[in-house]
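Biologist: Please take one loop of this model and look at it closely. Then work outward from there through the parts it leads to.

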Amino acid sequence: MRIVKKGLTLKIIITILLLSSNQLSSASDLSDSHQTPQFTDSLHYGFKIDLRGDYRAIMRFKRWIDIIAQVPSGISTLWAISQSNHQLLIKHSHFSVISSGRTSAPMTRNLTNGIGEDVEIKFNAYIPDQGSHRVYGENRRLIEFTAVQNLFHELAHAKHKMTGHWPYSRSEFAAIKEENVFRKELAELQNQPYFRRTHIRGESICPQTAEQIDTSWGQDLICNS
Ligand SMILES: [Zn+2]
């Protein structure tokens, strides 16, 4: 995907390669860039992942993954991804706000036979930290679905597909089950209340008036005026 802003096309790929359990290095692909910022990074996580978007998008992805890696379910998901023989690409996509992130892979038998496939997550990196949607919890109460929770949910799908353990028709429930473990662990870490998600569907977060809709990240795509 290409991000095009007036006069500026910037594509940065950060490749984080696992060298050991606590040492990672990265490289950048700036071939489409008008500017050539020297972007390097290192993280102390045992995972292998590519991030694509402009600089700000990548920084936001990275910050959210940093948070995901603070809890056991986050680390184990990232670790399982790194131990697969496949690559994960997380791409910024303005339009992914409509479905709150999308995880895709070639539809082959490898998704379910333990071999796995390369996976791509399209995710809107510019949604607010509190997220673009709420989802339903117990007693059909709307609960938070933060950007971090949303991204973890997509990483759970990615893990299933990259390791060849995609649960097919139950994939959404499997991802939500793991998301709830993550929600609980992160809530405890942050000393916040835990809200268990019980439904697949959710609702867009929209302001009271059309004038308040934030088009900078695509809120207009999910909020009717
Ligand atoms: Zn899902």
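Modeller: In this predicted model, N191 sits in the loop that runs between α4 (171-189) and β11 (197-204). The phi angle of N191 is near 60 degrees, which is a positive value in a residue other than glycine. N191 counts as exposed because it has 6 C-beta neighbours inside 10 Å, and the limit for that class is 12 or fewer.

A second asparagine can be described in similar terms. N139 lies in the loop between β9 (133-137) and β10 (142-145). Phi of N139 is near 60 degrees, again positive in a residue that is not glycine. N139 is exposed because 6 other C-beta atoms lie within 10 Å.

The strands named so far belong to one sheet. This sheet is open, has 3 strands in the order β10-β9-β11, and pairs in the antiparallel sense. β10 and β11 are the edge strands, each pairing on one side only. On average, neighbouring strands of the sheet are turned by 40 degrees against each other, with direction ignored. The pairing of β9 with β11 is antiparallel and runs over 4 bridges. At G137, the bridge partner in β11 is R197.

At the other end of the N191 loop is α4, and this helix leads to the largest nonpolar core. That core has 36 residues, of which F61, W64, I68 and L151 touch the most other members. The elements giving two or more residues to the core are β5 (49-53), α1, α2 (72-83), β6 (88-92), β8 (119-123), α3 and α4. The biggest contribution is from α3, which gives 8 residues. In soluble globular proteins, nonpolar side chains tend to be buried together.

Two of the helices in that list also pack against each other. The axes of α1 (residues 55-68) and α3 (residues 147-162) come within 9 Å and cross at roughly 80 degrees. α1 is therefore roughly perpendicular to α3. W64, I67 and I68 of α1 make the contact with A147, V148, L151, F152 and L155 of α3. By class, the residues of this contact are 8 nonpolar, no polar and no charged.

I68 takes part in both the core and the helix contact. Leaving out residues up to four places away in sequence, I68 touches G74, V148, L151, F152 and L155.

Notes:
Residues numbered from 1 in each chain as written. Predicted model: local features only at pLDDT ≥ 70, side-chain atom pairs only at ≥ 80, totals over all residues. Buried ≥ 20, exposed ≤ 12 C-beta atoms within 10 Å, placed from the backbone. Pairing = 2+ DSSP bridges. Axes fitted to C-alpha atoms, helices over the stretch in contact; angles between N-to-C directions. Parallel < 35°, antiparallel > 145°, perpendicular 65-115°, else oblique. Contact = placed C-beta atoms within 7 Å. Nonpolar A, V, L, I, M, F, W, Y, C, P; charged D, E, K, R; others polar. Core = buried A, V, L, I, M, F, W, Y, C linked by C-beta atoms within 7 Å.
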